[in-house]
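Grab a pencil and work through these exercises with the model open beside you. Try each task before you peek at the solution.

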Amino acid sequence: MPKPRPPSMDETAPPWRFAFILTGFLPLIGLLWRPIAPGALVYSAFMILCFVPFQPVRRAPVFLLATLATGAVIELTAWGGHYAACTASPALFHPQLLADLLLAAGFYTGGGLASLYLFRRFGFGIVEAFVIHGIMGIAIEQQGAVLLSGMVALPASALIWAYVFAIYGCMVAIPRRLAAPRATRVERQWWHYPLALAICAGGSIAGLYGWGLALWADGVLPPHQPICAAPFW
């Protein structure tokens, strides 16, 4: 017997379908901004994946590879926006693209392993993973500066929080849509969510700093230079 095709987003929650479709077009506004802000286009890609019916691959290595690939796309779009504006202090792991991608590998590997554990242990779905990772992003982005500055500037800062929330949510939601590691479904308890938040944050930060310290100790990474003076290394 063939496996039943998983329902696509357009077959579930009809009252919310049109509103969800519209949110996928919001990141296009970033292409009109000056300086350009293409980073949130990853959310549009996630929206498209939600409407494409296919059977996710049930292999953990595929999930980790999808996490690294998604992270690379996020870093490339973020770096492209900063490069177009010649940002003096870009919010990147490193101003030079190749060094940024190298450091990002540690961040996304650590976060991917943490998410993989949570999927297998608690059976979190795509929506839960998106929300947990999105909240984590607001808390840790720029070492907590986005969260703290946003609390001072409310309600205007809500737009920045939504931007960060969407990008970080996609970091794990896109890989989870492409690859669904086998999981044990457990009865959900309230403490599962703060625990998942702590595990995701801990894994991502540990991966970034552990890998980053190893690279700096070995002298692999170049010194920080202006992004437009030395774009790649």
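**Exercise 1: Two pairs of rings**

Phe122 and Phe124 are both buried, where buried means under 20% relative accessible area, exposed over 50% and partly exposed in between (1.4 Å probe, protein chains only). Before we go on: this is a predicted model, where local features need pLDDT of at least 70 and side-chain atom pairs count only at pLDDT 80 or more, while totals for chains, interfaces and linings use all residues. Residues are numbered from 1 along each chain as its sequence is written, and side-chain values use heavy atoms, with hydrogens and water left out.

*Task.* Work out how the rings of Phe107 and Tyr168 are arranged.

*Solution.*
- Step 1: Get the rule. Rings of Phe, Tyr and Trp (its six-membered ring) pair if their centres lie within 6.5 Å; planes under 30 degrees apart are stacked, over 60 edge-to-face and the rest tilted.
- Step 2: Count. The rule gives 13 aromatic pairs.
- Step 3: Apply it. The centres of Phe107 and Tyr168 are 6.5 Å apart and the planes stand at 85°, so this pair is edge-to-face.
- Step 4: Place it. Phe107 sits in helix H4 and Tyr168 in helix H7, 61 residues apart, so the pair links distant parts of the chain; helices are DSSP runs (H or I, at least four residues), numbered from the N terminus.
- Step 5: Check burial. Phe107 and Tyr168 are both buried.
- Step 6: Try another. Phe122 and Phe124 are 5.8 Å centre to centre with 45° between the planes, which is a tilted pair.

**Exercise 2: Glu141**

*Task.* Is Glu141 buried or exposed, and which side chain does its own side chain make a polar contact with?

*Solution.*
- Step 1: Find Glu141 in the loop between helix H5 (126–140) and helix H6 (145–152).
- Step 2: Its relative accessible area is 17%, so Glu141 is buried.
- Step 3: The side chain of Glu141 makes a polar contact with that of Tyr168, at 2.5 Å. Such a contact is a pair of N or O atoms within 3.5 Å; within protein, one must be able to donate a hydrogen and the other to accept it, and residues adjacent in sequence count only if both atoms are side-chain atoms.
- Step 4: Skip neighbours within four places in sequence, and Glu141 is in contact (heavy atoms within 4.5 Å) with Val146, Val164 and Tyr168.

How values were computed
Helix = DSSP H or I, 4+ residues; strand = E, 2+ residues; numbered from the N terminus.
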